[in-house]
Amino acid sequence: MGKERKQGTGVFSEKLRELMKKNSLTQQELADSIGIARQTVGKYLDGLCYPQANILSKISVKYGVSIFTAPFLVSCFIACPPYKLILF
């Protein structure tokens with residue numbers, strides 16, 4: 001059985017790739033900077049899973065991006081039932 005993308009993760013994957021390219025980051029460098037495994041970053045990029053709110057917050061603070069813009073919210077609401085939004 002092959003890997004299946006989770007619905008709604010595509011937008012997040014694209015935005016994460018853009019962020020990595022803009023900051024010239026490898027998967028390992030991003031992972032180290034926010035305290036997760038490189039394999040987890042790979043899963044985000046492949047659309048296999050979506051980060052929890054605490055990881056989104058770390059990305060937002062570390063790289064100065066808003067996790068509350070439309071593309072992130074749309075993908076979060078679709079991929080993260082029961083559709084709760086945690087504000088920091």
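Accessible areas here come from the Shrake-Rupley method with a 1.4 Å probe, and for residues only the protein chains shown count as cover. This is a predicted model, in which local features need pLDDT of at least 70 and side-chain atom pairs count only at pLDDT 80 or more, while totals for chains, interfaces and linings use all residues. Residues are numbered from 1 along each chain as its sequence is written, and side-chain values use heavy atoms, with hydrogens and water left out.

**View 1. The whole chain, with five helices and zero strands.** From the N terminus on, the elements run α-α-α-α-α; helices (H or I, at least four residues) and strands (E, at least two) are DSSP runs, numbered from the N terminus. The accessible surface of the chain comes to about 5600 Å², and 55% of that surface belongs to carbon and sulfur atoms. Of the 88 residues, 35% count as buried, where buried means under 20% relative accessible area, exposed over 50%, and partly exposed in between (1.4 Å probe, protein chains only). Among contacts (heavy atoms within 4.5 Å) with a separation of 6 or more, 60% are made by residues 24 or more positions apart.

**View 2. The largest nonpolar core, centred in this view on Leu-30.** A nonpolar core is a set of buried Ala, Val, Leu, Ile, Met, Phe, Trp, Tyr and Cys residues joined through side-chain atoms within 4.5 Å. Of the 18 residues in this core, Leu-16, Leu-30 and Ile-59 touch the most other members. Two or more residues are given to this core by each of helix H1 (9–22), helix H2 (27–34), helix H3 (38–46) and helix H4 (53–63). Leaving aside neighbours within four places in sequence, Leu-30 is in contact with Leu-16, Leu-19, Met-20, Leu-25, Val-41 and Tyr-63.

**View 3. The buried side of H2 and its crossing with H4.** The buried residues of H2 are Leu-30, Ala-31 and Ile-34. They cover an arc of only 100 degrees around the axis, which puts them on the same side of H2; the arc is that of the directions from the helix axis to the C-beta atoms. The axes of H2 and H4, as lines fitted to C-alpha atoms over the stretch in contact, with angles running from 0 to 180 degrees between N-to-C directions, come within 10 Å and cross at roughly 100 degrees. H2 and H4 are therefore roughly perpendicular to each other, the term used for angles of 65 to 115 degrees. In this crossing, Leu-30, Ser-33 and Ile-34 of H2 meet Ile-55, Lys-58, Ile-59, Lys-62 and Tyr-63 of H4.

**View 4. Leu-45 and the buried face of H3.** Val-41, Gly-42, Tyr-44 and Leu-45 are the buried residues of H3. Seen down the axis of H3, they fall within an arc of 160 degrees, so they line one face of the helix. Leu-45 has a relative accessible area of 5% and, not counting residues up to four places away in sequence, touches Ser-13, Leu-16, Arg-17, Met-20 and Gln-27. The C-alpha atoms of Leu-45 and Glu-14 are separated by 7.5 Å, although these residues are 31 apart along the chain.

**View 5. Residues with positive phi.** Ser-24, in the loop between H1 and H2, has a positive phi of about 50 degrees although it is not a glycine, and counts as exposed at 62% relative accessibility. Gly-35, just after H2, takes a positive phi of about 75 degrees, and Gly-47, just after H3, takes a positive phi of about 75 degrees. H4 is followed by Gly-64, whose phi is positive, near 65 degrees.

Notes
Angles under 35 degrees count as roughly parallel, over 145 as roughly antiparallel, 65 to 115 as roughly perpendicular and the rest as oblique.
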